[in-house]
Amino acid sequence: MLNAYPRPQLRRDSFINLNGTWDFAVTRGERPASFSDSIEVPYPPEAPLSGVNRRIAPNEVMWYRRTFQNPAHAGDERVLLHFGAVDQIAEVFLNGARLGLHEGGYLPFSFDVTDALHDQNELIVRAVDALDHTYPYGKQKHKNGGMWYTPFSGIWQTVWMEVVPENYITHLTVCPSLVAVTVNVFPNSTDFPDATLEIETPNGPLHVKMTSPHMTVPIPDPNLWTPENPHIYPFTVRFGRDVVRSYFALRTVSQGVVNGVPRLLLNGEPYFLHGLLDQGYWRNGLCLPPDDAGYERDILTAKAQGFNTLRKHIRVEPLPFYEACDRLGMLVIQDFVNNGKYRFIHDTVLPTVGIKRLSDRRANRDPKAREIFLHTARDTVRHLYNAPCIVGWTIFNEGWGQFCADEVYDRLKAFDHTRFFDATSGWFAQDKSDVVSEHVYFRRFRLRPGKKPFLLSEFGGYALSETPGKKYGYRFFSDRAAYQTAVERLYREEILPAVRDGLCGAIYTQLSDVEEEINGILSYDRSTVKTDSAAMLEIADALQKAIRG
């Protein structure tokens, strides 16, 4: 069972974890007469760790049930029920009363359940997942194989409650610079009671009386956040009777021209994004690690191989993943989750043979799918905005569900001007993007210098094949020494020489094997690291020296 606090940047002491064993049933639609099975929440039923370990068909309905006691102690307290994510459509009932419906499988939702509570309570969740491509679905596919993976259904993130006073903070936004931080407090009402902000610094706490919901606080002797120095500033907001704890980091992300070359800048200095594509899949947990330390182990393994960036690929992770990246020092390029149809000829065959510049105005023409993508992408920015590890957003990947990328770029850039946007990762570039972004697997990489920073947002994909069975990758090796030599040659002969001409980041495919796809530097069960750490650390050092000139 996962026990980590599910919302690390808005913590309260009243956290009540509802993960664990729930009653479970699958029907063709009707409410079950009895719940004869059980499931370990938050693992989806397709994951071995759920205890169910079976696929959910498109015409099946999942039913979850558990009981709990009323956690409120005073008459003016409110009780909030939170779901980290349920894929794809969830209907929630408490003591027979319908609380509401949520659509979309990757973002959190909540209910104020105060008025529906009894001393003893029955919570029921009805979940449907037909893998409807109108909604974001990522790399899930019923017929998994190759680069498509086993789908996950139903509850797959933490379910929890908290008790709050009548007037409480719904969310915070934190906007750092290199010398100050702006904290924005959003209450559930128009009342703004006495509020104070306390920031922990190495020189002692800073106490600030909040005279408005938006306060900018200079930070003495600022300690800037980098992957090499992931310094975090914890802070507490006291808002009437509500007390929440959070954190921020001082860092900026920008673009500039350095010695005549377009660069991505971290804290105003050129910094090479030396990264791995991270699919976020696990052998036994499927879309979740086996325990709370799983994210930390992956991040520390990547850092031990010299990498400083993870491109979170077509997934939104639970918030503890981003907290671990913040705390341990790992940059994140965050993809938005695709919806709409994947078209093999258009999205893969044409760009593979060199046709990469096509208009996207008439693509993915379903108006509902377009609106859902825009709504979900906007909410993803809001959901993850405070994470200092996130330095960039990927809007569309390889044309999957792509439409009107220039207009979508404008709309999303208005929500976050503090990070770069990769509007079209791989191909089908339009006019607007903060970076030039390409994927190169089947040819030698040669950079064509331009007016924007260049991001090689996918490359490599070398597969070490040491066991029999069906496998997927981009170049296969059966000998570990030959594999390591090829990886080193790829970096030294193609990536390093391109840095002086404007290459600002390179995302190697990938962090771990996933099912048939065996091109990870880690095995699927994380028991084996395939690359040599000493050699990889030398490459990482050379990349940073090259970008600094």
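This short talk covers a sheet, a pocket and a helix pair in one model. The model is a predicted one.

I will start with the sheet. It is open, has four strands in the order 1-12-5-9, and its pairing is antiparallel. Strand 1, residues 16-17, and strand 9, residues 109-112, are at the edges; each has a single partner strand, so one side of each has no neighbour in the sheet. Elsewhere in this sheet, strand 5, residues 78-83, pairs with strand 12, residues 159-164, in the antiparallel sense, over six bridges. Within that pair, Phe83 is opposite Val159 of strand 12. As a general reminder, sheet strands pair through backbone hydrogen bonds, parallel or antiparallel.

Next, the second largest pocket. Its volume is about 520 Å³. Thirty residues line this pocket, and the closest to its centre are Thr348, Thr352, Trp427, Phe442 and Tyr474. Two elements give two or more residues to the lining: helix 3, 344-352, and strand 28, 436-440. Which element gives the most to the lining? That is helix 3, with four residues. By class, the lining has 13 nonpolar, eleven polar and six charged residues.

Last, the helix pair. Helix 4, residues 367-384, and helix 5, residues 405-413, have axes that come within 10 Å and cross at roughly 30 degrees. The crossing is right-handed. On the helix 4 side, the contact is made by Phe373, Leu374, Ala377 and Arg378; on the helix 5 side, by Val408, Arg411 and Leu412. Sorted by class, this contact between helix 4 and helix 5 has five nonpolar residues, two charged and no polar ones.

Key:
Residues are numbered from 1 along each chain as its sequence is written. This is a predicted model: local features need pLDDT of at least 70, side-chain atom pairs count only at pLDDT 80 or more; totals for chains, interfaces and linings use all residues. Side-chain values use heavy atoms; hydrogens and water are left out. Two strands pair if DSSP finds at least two bridges between them. On a 1 Å grid over the protein atoms alone, a cavity is a set of points where a 1.4 Å probe fits but cannot get out, and a pocket is an open set with protein on both sides within 12 Å along at least five of seven lines; lining residues have an atom within 4 Å of a point. Grid points are joined across faces, edges and corners, and a volume is the space filled by probe spheres set on the points. Ala, Val, Leu, Ile, Met, Phe, Trp, Tyr, Cys and Pro count as nonpolar, Asp, Glu, Lys and Arg as charged, and the others, Gly among them, as polar. Axes are lines fitted to C-alpha atoms, for helices over the stretch in contact, and angles run from 0 to 180 degrees between N-to-C directions. A crossing is left-handed if the near helix is turned anticlockwise from the far one by less than a right angle, and right-handed if clockwise. Contact means heavy atoms within 4.5 Å.
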